[in-house]
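Q: I have a structure open and would like to go through it piece by piece. Can we start?
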Amino acid sequence: MHFVCIYRFSTVSVVLKRQLQASRLLFTMVDSQYFLPNDIGISALDCTEAFRLLSPREKLYAHYLSRSAWYGGLAVLLQTSPESASIFVLLQRLFRKQPAAQLESMATAAGLSPEEYQAFLVYAAGLYANMGNYKSFGDTKFIPNLPKEKLKALVWQSQAFQDSPSEMEALWDSCSTLLFSLEDQQKQLGLGDKGVTTYFSGNCCLEDAELAQKFLDSKNLSAYNTRLFKNKSEEGKASYEVRLASAVQKGEMDGEGESRCGRYDFEDCVFMVSRGDYAYLMKKVSENLEKAKNHAANENQKRMLEEYAQSFTFGSIEAHKEGSRFWIKDKGPIVESYIGFIESYRDPFGSRGEFEGFVAVVNKAMSERFAKLVSSAEVLLPELPWPKDFEKDRFLLPDFTSLDVLTFAGSGIPAGINIPNYDDIRQSEGFKNVSLGNVLAVAYATQKDKLTFLDEEDKDMYIKWKGPSFEVQVGLHELLGHGSGKLFVQDEKGNFNFEQDNVRNPETGEQITTWYKGNETWDSKFSTISCSYEECRAECVGLYLCLNKHVLSIFGHEDEDAKEVVYINWLNMVRAGLLGLEFFTPESKSWRQAHMQARFVILRVLLEAGEGLVNLKESTGKDGRPDALITLDRSKVHTVGKAAIERFLCKLQVIKSTADVEGGRALYEGYSAVSDTGSHNFLRLRETVLLRKEARKMFVQANTRVKGHVELVEYEGSAAGLIRSFTERFADDAEEVEAHLLELNKRDAPCCGRSLKSV
């Protein structure tokens, strides 16, 4: 439980006193998982040297790509919650008028203690870092760790309020209730009564999502850049709007008919496909991509940017796929980037992509190691535990580079990426892998006193080898995890990409009876489990292949060092499985984070293997509170552990290849179950994990600006630094951007089940 705040009253009115007492009582009852702690880790992403080494042309290319990414990243506010965009604008107006240091005197005058003002800064930094008021890693809502009335008093004291009192009051009124609300449905993202989502209107449920997917499949339309809104019935028929993200808002354009805008009757329902979602933001994205094109290094980059601009202008996923093809062909660029509606983790149905865009500079030394791993891929792939018929006919050697991030716009920054996510391109044309080196350097540094659930003898070794072992895991996970495995497909002409009469299921020995048909994809077939299932498969590949001595030597690990890397990689995985319980919601029996669900599943598999491989025991800590200890028998990793992962990984791949949705759900949901029965009381362990959890770090990113030449503007690694980076990020057109964000938010309001007051 959170500590009780202490207030001093002097000339405060009786009414205000009662309000504050009520707020204080509420705060004693709120679970700390809905606050960001004042001592949360905040680090600056260092890209100074990488940026310095760029040529003037490369710096301009990186600058305009970054501008495009940052404008597009604002769409995530509208993809997260009904109130996120309004809160963002409120914060921008406060801090544009007064930087954090100046606003502090206003906070003191408003009655905030130093701790409460720091809590407000941390909340603001969290909203910027997550691009919304729900954690990007875990999808849990977070609220300011101070009473609502005190935050209101600060807003009223601010210069922004003094300059525009009616606008600031209207803005506060439009978002303050939801800003602090922790009603059960609003505690996490989810569909229907399971949580909050803006990928669907508030009146949509799982059945609506499934129907919409059938409709999209029938029209060969991707869900990646869409949202679904359920409207009033038309002539007794359910009516839906599928809204495409595009700068253009109305009508078909010459040469761009594949978006299929218009009205359709489908299964006794009406579907209207329209354009114009996030229109202003998509226009800014496209404009800056056109500017970047003038500084492109080669023809592939130019064509790539042309297709991306076409995609964001007209809402065409086909154009984005074409741009991705040119991106794959752009081998070894100095400035690497990708942009679009990419990952579907936060869509409750698992089909719609969240906007993200990154710009990064190649780290040549580290990239050499990944290049060696790529060159070994064709030797390593046959080592995976499934028959050759279940592997791609030809492994298309991808780029695999280590990058120092300059810009990563979206809800969070990963450690590694394997893209594009389009199945047809990945299967037949290839993909790229990137490891984000400067993210890894700061994200996974651990202090010994904050290491939970490990034996004291393991802690020093864990701190020493976690970074190197995670580097190996990321490389294998991205390249040979996401990059491996074949999908069995029957195309629209009836042709199969496998020998239907000869291929046998290695689990049963029987002929293959299920496969993907026509426009079906992995995401559309496996929907709600697709993201986590695939992350689990990739993590298992990493665990399995890190046992290979050749892999370890590629990363410079030999003999005893290699053994330590393997041990810590496996130990880190089972510990992560335990930590994953934080991201399970017992009330809805749902998981809020794909990777952590995957790691919990792996923990279950390794516990099930028995023979003392993994031991998990509940205990009492030195502080007298509940604790737990997880240990791994290193002598059994290569025997018991390898055999268990081998069996499980083969099952995962066979199910994925054969589009066996029923079997996949039974297997994966079975291992994902969290209960208080069986050999381990995971529900009770979840409470222990929550009691001892450490908040995820936030990152401060630099800005670029053109003043004759491109300058890199860096900020301190603090809440104030993170806030300042965002207020300066849109300094040139702040009022225009904020006005359009509010207008876009207002347009969404009727669909989100609430009204938005004029601001």
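A: Yes. Keep in mind that this is a predicted model. One place to begin is a pair of packed helices: helix 8 and helix 10 cross in a right-handed way.

Q: Where are those two in the chain, and what are the angle and the distance between their axes?
A: Helix 8 covers residues 148-157 and helix 10 covers residues 165-180. Their axes are 12 Å apart, and the packing angle is about 160°.

Q: What does that angle say about their directions?
A: Angles over 145 degrees count as roughly antiparallel, so helix 8 and helix 10 are roughly antiparallel to each other.

Q: Which residues meet there?
A: From helix 8 there are Lys148, Leu151, Lys152, Val155 and Trp156. On the helix 10 side they meet Met168, Glu169, Trp172, Ser176, Thr177, Leu179 and Phe180. By class, the contact of helix 8 with helix 10 has seven nonpolar, two polar and three charged residues.

Q: Ok, how about helix 5 and helix 28, how do their axes cross?
A: Helix 5 (residues 84-97) and helix 28 (residues 734-748) have axes that come within 9 Å and cross at roughly 160°. That makes helix 5 roughly antiparallel to helix 28.

Q: Is that crossing left-handed or right-handed?
A: Helix 5 and helix 28 make a left-handed crossing.

Q: And which residues are in the contact?
A: Helix 5 brings Ala85, Ser86, Phe88, Val89, Gln92, Arg93 and Arg96. Helix 28 brings Ala734, Glu735, Glu738, Leu741, Leu742 and Asn745. Sorted by class, the contact of helix 5 with helix 28 has six nonpolar, three polar and four charged residues.

Q: Switching topic. Where does UniProt put the active site?
A: The UniProt entry, which is unreviewed, places the feature "active site" at Glu478. Glu478 is in helix 19, which spans residues 456-481.

Q: Is Glu478 buried or exposed?
A: Glu478 counts as buried, because its relative accessibility is 7% and the cut-off for buried is under 20%.

Q: What does Glu478 touch, apart from its neighbours in sequence?
A: Leaving aside residues within four places in sequence, Glu478 is in contact with Phe400, Gly416, Ile417, Asn418, Asn433 and Gly483.

Q: Which residues does UniProt give as a binding site?
A: In the same kind of record, an unreviewed entry, "binding site" is placed at His477, His482 and Glu535. These residues are spread over 59 residues of sequence but cluster in space, with a largest C-alpha distance of 8.4 Å.

Q: Where is His477, and what does it touch?
A: His477 lies in helix 19. Beyond its neighbours within four places in sequence, His477 is in contact with His482, Glu535, Ala538, Glu539 and Gly542. His477 is buried, with a relative accessible area of 6%.

Q: Then what about His482, where does it lie?
A: His482 lies in the loop between helix 19 and strand 11. His482 is buried too, at a relative accessible area of 10%.

Q: What are the contacts of His482?
A: Not counting neighbours within four places in sequence, His482 is in contact with Asn418, Arg426, His477, Glu534, Glu535, Arg537 and Ala538.

Q: Back to helix 19. How does it cross helix 20?
A: The axes of helix 19 and helix 20 (residues 522-545) come within 8 Å and cross at roughly 120°. Helix 19 and helix 20 are therefore oblique to each other. Helix 19 passes helix 20 in a right-handed crossing.

Q: Which residues make that contact?
A: On helix 19 they are Gln473, Leu476, His477, Leu480 and Gly481. On helix 20 they are Glu534, Glu535, Arg537, Ala538, Glu539, Val541, Gly542, Leu543 and Leu545. The class count for helix 19 with helix 20 is six nonpolar, four polar and four charged residues.

Q: One more topic. Where is Ala209, and what does it touch?
A: Ala209 is found in helix 11 (residues 206-218). Ala209 touches Leu191, Phe200 and Phe349, not counting residues up to four places away in sequence. At 0% relative accessibility, Ala209 counts as buried.

Q: And Lys283, which helix is that in?
A: Lys283 lies in helix 12 (residues 279-293). Lys283 is partly exposed, with a relative accessible area of 45%.

Key. Residues numbered from 1 in each chain as written. Predicted model: local features only at pLDDT ≥ 70, side-chain atom pairs only at ≥ 80, totals over all residues. Heavy atoms only, no water. UniProt positions renumbered as here; feature names shortened; annotations may be inferred. Helix = DSSP H or I, 4+ residues; strand = E, 2+ residues; numbered from the N terminus. Buried < 20%, exposed > 50% of the residue type's maximum accessible area, 1.4 Å probe, protein only. Contact = heavy atoms within 4.5 Å. Axes fitted to C-alpha atoms, helices over the stretch in contact; angles between N-to-C directions. Parallel < 35°, antiparallel > 145°, perpendicular 65-115°, else oblique. Left-handed = near helix turned anticlockwise from the far one by under 90°. Nonpolar A, V, L, I, M, F, W, Y, C, P; charged D, E, K, R; others polar.
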